[in-house]
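User: I should like to study a protein model through questions and answers. Please begin by showing the sequence and the structure.

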Amino acid sequence: MRLLIVEDEVNIARRIESACVSDGLLCHLVETGTEALGMLKFYDYEAVILDLGLPDIDGIEILSRIRSIKNMTPIIILSGLSSTEDKVKCLTLGADDYLTKPFSKIELLARIYAIIRRTSGHSSSVINIGPMEIDLKQRCVKIYGNEMPLTSKEYSILELMALKKGAVLPKETFLNHIYGGMDEPELKIIDVFVCKLRKKIADLTGGLNFIETIWGRGYTLRDFDNADCGQNTESIHRRDALKVG
Ligand code: CA
């Protein structure tokens, strides 16, 4: 999961970053509103942590600009301003949460996860897909109660697919999600990760395939109801792709 942190006070920015990074979240740190709006044009984030007092554009103005272009990325305001008026104004303009400084790292993380869950349509921190349980808080996956051994990148791929269950995700989205635009390897690395994931899932389910390849578009995680016919669907997609190509 990747976050954008918009904070001009270096010490506070570092504190937010260290809390997030130690919990396995990727962060992009920017100090100005202009940079924040620029980053939001190029990247998708799971959430934005936004300070209000910034050197160039006021945080409230940034919030309003983000929502005016129908960008619905979850936004948590983290500000020294603690009046009810400020909070109400931000929440009315489309902020998802409001936390005041000084803040507790644990509370910030809890709020980040709560918002990501809510905006992904999940009310608990565990996403169930058939016999598979993806625990966003513990960052672990169980199938029929058995923990699946995963590297952190494999987990990140499965986590993204679970959060966006049913959506077709291009390989570029996975690269962005796990490398955050830094030192990105080639797209085909995603195929390697997916191949390993499929094998691990199959090992624990007796051969079921949850991850569908949509040729030319990317990958999607299906619900368990359709998972047992996965191989067939996939071969149909592959066959169709061969016909066209
Ligand atoms: Ca500030």
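The questions and answers below concern this predicted model.

User: Which residues are the protein donors of the calcium ion, and at what distance from the ion do they lie?
Analyst: Two of the donors, D8 and D51, are listed with OD atoms, and G53 is listed with O. In sequence the donor residues follow the spacing D-x42-D-x1-G. The protein donors are therefore D8, D51 and G53, at 2.2 to 2.4 Å, inside the 3.2 Å limit that applies to calcium.

User: Is the donor D51 buried or exposed?
Analyst: The donor G53 has a relative accessible area of 47%, which makes G53 partly exposed. For D51 the relative accessibility is 4%. Buried means under 20%, so D51 is buried.

User: What is the order of the strands in the open sheet of 5 strands, and which strands stand at its edges?
Analyst: The pairing in this sheet is parallel, and the strand order is β2-β1-β3-β4-β5. A strand at an edge has a single partner, so one side of that strand is left without a neighbour in the sheet. From one strand to the next the twist averages 20 degrees. The edge strands are β2 (26-30) and β5 (97-100).

User: Which residue stands opposite I77 in β5?
Analyst: Strand β4 covers residues 75-79 and pairs with β5 in the parallel sense, over 4 bridges. Opposite I77, the residue in β5 is Y98.

User: At about what angle does helix α5 run to β5?
Analyst: Helix α5 comprises residues 105-119 and lies across β1 (2-6), β3 (47-50), β4 and β5. Helix α7 (residues 171-179) also packs on the sheet; it touches β1 and β2, and its direction makes about 75 degrees with that of β2. For α5 and β5, the angle is about 175 degrees.

User: Where is D96 found, and is D96 buried, partly exposed or exposed?
Analyst: D96 is located in the loop between α4 (84-93) and β5. The relative accessible area of D96 is 29%. This value lies between the limits of 20% and 50%, so D96 is partly exposed.

User: Which residue has a side chain joined to that of D96 by a polar contact of 3.0 Å?
Analyst: Leaving aside neighbours within four places in sequence, D96 is in contact with several residues, including T73, P74, I115 and R118. R67 is also one of these contacts. The C-alpha atoms of D96 and V48, 48 residues apart along the chain, are separated by 9.9 Å. The side chain in the polar contact of 3.0 Å with that of D96 belongs to R67.

User: What is the order of the strands in the open sheet of 4 strands, and which are its edge strands?
Analyst: This sheet has antiparallel pairing, with the order β6-β7-β8-β9. An edge strand pairs on one side only. The edge strands are β6 (126-129) and β9.

User: Which strands does helix α8 touch?
Analyst: Helix α6 (residues 152-163) packs on the antiparallel sheet. The strands that α6 touches are β6, β7 and β8, and its direction makes about 105 degrees with that of β7. Helix α8 (residues 188-205) packs on the sheet as well, with its direction at about 40 degrees to that of β8. The strands touched by α8 are β7, β8 and β9.

User: In the hairpin of β7 and β8, which residue takes a positive phi?
Analyst: Strands β7 (residues 132-135) and β8 (residues 140-143) pair in the antiparallel sense over 4 bridges. Within this pair, I134 stands opposite V141, and the bridge partner of M132 is I143. The hairpin has 4 residues between the strands, and the residue with a positive phi, near 55 degrees, is R139.

User: Which residue in the turn between β8 and β9 has a positive phi?
Analyst: Strand β9 (residues 146-147) runs antiparallel to β8 and is joined to it by 2 bridges. I143 stands opposite N146 in β9. The hairpin has 2 residues between its strands, and the turn residue with a positive phi, about 50 degrees, is Y144.

User: Why does C20 form no disulfide, and how many disulfides does the structure hold?
Analyst: A disulfide is a covalent bond between the sulfur atoms of two cysteines. The closest cysteine sulfur to that of C20 is in C27, at 4.2 Å, and this is too far for a bond because the limit is 2.5 Å. The number of disulfides in the structure is 0.

Note on methods
Residues numbered from 1 in each chain as written. Predicted model: local features only at pLDDT ≥ 70, side-chain atom pairs only at ≥ 80, totals over all residues. Heavy atoms only, no water. Donors = N, O, S within 2.8 Å, 3.2 Å for Na, K, Ca; no water. Buried < 20%, exposed > 50% of the residue type's maximum accessible area, 1.4 Å probe, protein only. Pairing = 2+ DSSP bridges. Axes fitted to C-alpha atoms, helices over the stretch in contact; angles between N-to-C directions. Contact = heavy atoms within 4.5 Å. Polar contact = N/O pair within 3.5 Å; in protein donor to acceptor, adjacent residues only side chain to side chain.
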